[in-house]
Amino acid sequence: MNELDTLVDRARNDFAQAATPADLENAKARYLGKAGRITELMKGMGALSVDEKKSLGASINLAKQAIEAALAERRQALADAEMQTQLKAEALDVTLPGRQRGAGGLHPVSLTLERIEAIFGSMGFDVAEGPEIESDWFNFTALNTPEDHPARSMHDTFYVEGGSAKAPNLLRTHTSPMQIRHAVQHVKRHRAAIDADAGMPEIRVIAPGRTYRVDSDATHSPMFHQCEGLWIGENVSFKDLKVVFTDFCRTFFENDDLVLRFRPSFFPFTEPSAEIDIQFPTGPLAGRWLEVAGSGQVHPNVVRNMGLDPERYIGFAFGMGPDRLTMLRYGVNDLRLFFDGDVRFLSQFR
Ligand code: DAH
């Protein structure tokens, strides 16, 4: 093998050893650079005769072309390798399962409210909603709780701006104001028939919603829910209250053996009044009386404030706590869990 063939071989070897484009350029300089072997060989030809120049020149050129070809090949190989590495690094694994959006669900208290509405709806009750910022009149006075009445201290009220100094606006402490609001609308609609002594369709309504009191512990939250019920007609008695509410509780808890107790109590807007307790025959709460609602026969003053004659129109009302019903139904022991917004808790009700 002559000197030129050896040179080409060495160059090929050097290029193959170059692991990066920078290494390769350094290797190239050793052969084709200003001080490279090929360049030196060319310079050395000056001293030769014309014939020698011709034959050696041709050989050097061939060697130079071979080295340039080897260089180009190696350059391409390095570029290809780099491209492969980059593609691998940026590769998408299309077989990876996507990150899913969690399935949403209704809040447990909303589930209870829907359930209450469905059950009372099946008994012919309308559903009414009203304002959470309420006037003193609807929250207290119209419900037979005049100013300075001791019963007002039963409610720790949040007062808000608006209203008058004597009758400030407030966050409703119960849903009972809806008794008046709804009945007044109903009476307005049927005023002509009522005045003509033709009577009116019965008022049968529930009013679920948020209520507020200054109170906070494991069983009280400053914001909580209530659901009011009202049935007014010409012949609606306490017996109807017992039937309706017993039916409701047994349906709600899916337990026909549930026992109810109507315990005498006091509310300004009802007379007589009763607290309603329930008792489960079996299960973890068996044997305990659990208070679920206040109730009573609507007080004549309240009927009057609805725009009706209490000598003719009579009925019952009740107010229950959907938060508590939810706790009893699902066995939740801390009310605050409902309002913490912890998905680990809430997702159990999906
Ligand atoms: N409003 C009462 C409360 O907040 C609950 C209540 C009791 C409502 C008796 C009624 C009722 O309609 O008749 O404690």
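Let me begin with a small piece of the fold, an open sheet of 3 strands whose order is β2-β4-β3 and whose pairing is antiparallel. The edges of this sheet are taken by β2, residues 133–134, and β3, residues 159–163, and because each of them has a single partner strand, one side of each is left without a neighbour in the sheet. Before I go further, please keep in mind that what we are looking at is a predicted model.

Staying with this sheet, we can follow how its strands are joined. Between β3 and β4, the latter covering residues 168–171, there are 2 bridges, and the two strands run antiparallel. They also form a hairpin, with 4 residues between them. If you look along this pairing, you will find Tyr159 opposite Leu170 in β4, while Gly163 has Pro168 of β4 as its bridge partner. On the other flank, β2 is joined to β4 by 2 bridges, again in an antiparallel arrangement, and here Glu134 is the residue that stands opposite Leu170. For those who are new to sheets, it may help to recall that strands pair through backbone hydrogen bonds, in either a parallel or an antiparallel manner.

In the stretch of chain that leads into β3, there is a residue I would like to point out. Asn144 lies in the loop between α6, residues 136–139, and β3, and Asn144 has a positive phi of about 65° although it is not a glycine. As background, most residues other than glycine have a negative phi, and most peptide bonds are trans.

The second sheet is also open, and it is formed by 7 strands in the order β1-β5-β6-β10-β9-β8-β7, with mixed pairing. At its edges stand β1, residues 126–127, and β7, residues 259–267, each with a single partner strand, so that one side of each is left without a neighbour in the sheet. Within this sheet, β5, which spans residues 203–212, is joined to β6 by 10 bridges, and these two strands run antiparallel; one of the pairs to look for is Pro208 with its bridge partner Cys227 in β6. Another residue to find is Pro272, which lies in strand β8, residues 270–279, and the peptide bond that leads from Glu271 to Pro272 is cis, with omega near -5°.

Which strands each supply at least two residues of the shell around the ligand? They are β6 at 223–233, β9 at 290–298 and β10 at 314–320, and these three also appear in the strand order of the mixed sheet. There are 15 residues around the ligand, and those that come nearest are His174, Ser176, Arg213, Gln226 and Glu228. Sorted by character, the residues of the shell divide into 4 nonpolar, 9 polar and 2 charged.

Turning to individual contacts, a polar side-chain atom of His174 lies 2.9 Å from a nitrogen atom of the ligand. The backbone takes part as well, with an N or O atom of Ala317 lying 3.2 Å from an oxygen atom of the ligand, and with a polar backbone atom of Phe318 that is 3.4 Å from a ligand oxygen atom. How much of the ligand does the protein bury? Taken alone the ligand exposes 350 Å², and the protein buries 92% of that.

Finally, let me step back to the chain as a whole, which is divided into domain 1, residues 3–89, and domain 2, residues 108–349. The centres of these two domains, taken over C-alpha atoms, are separated by 96 Å. A search of the whole structure finds 18 aromatic pairs, and among them is the pair of Phe15 and Tyr31, whose ring centres are 6.1 Å apart and whose planes meet at 85°, so the pair is edge-to-face. Since Phe15 lies in helix α1, residues 3–17, and Tyr31 in helix α2, residues 21–32, this pair ties together parts that are 16 residues apart in sequence.

Conventions: Residues numbered from 1 in each chain as written. Predicted model: local features only at pLDDT ≥ 70, side-chain atom pairs only at ≥ 80, totals over all residues. Heavy atoms only, no water. Near = heavy atom within 4 Å. Polar contact = N/O pair within 3.5 Å; in protein donor to acceptor, adjacent residues only side chain to side chain. Areas by Shrake-Rupley, 256 points an atom, 1.4 Å probe, with all protein chains shown as cover. Nonpolar A, V, L, I, M, F, W, Y, C, P; charged D, E, K, R; others polar. Pairing = 2+ DSSP bridges. Domains from an automatic or database assignment. Phe/Tyr/Trp six-rings, centres within 6.5 Å; stacked < 30°, edge-to-face > 60°.
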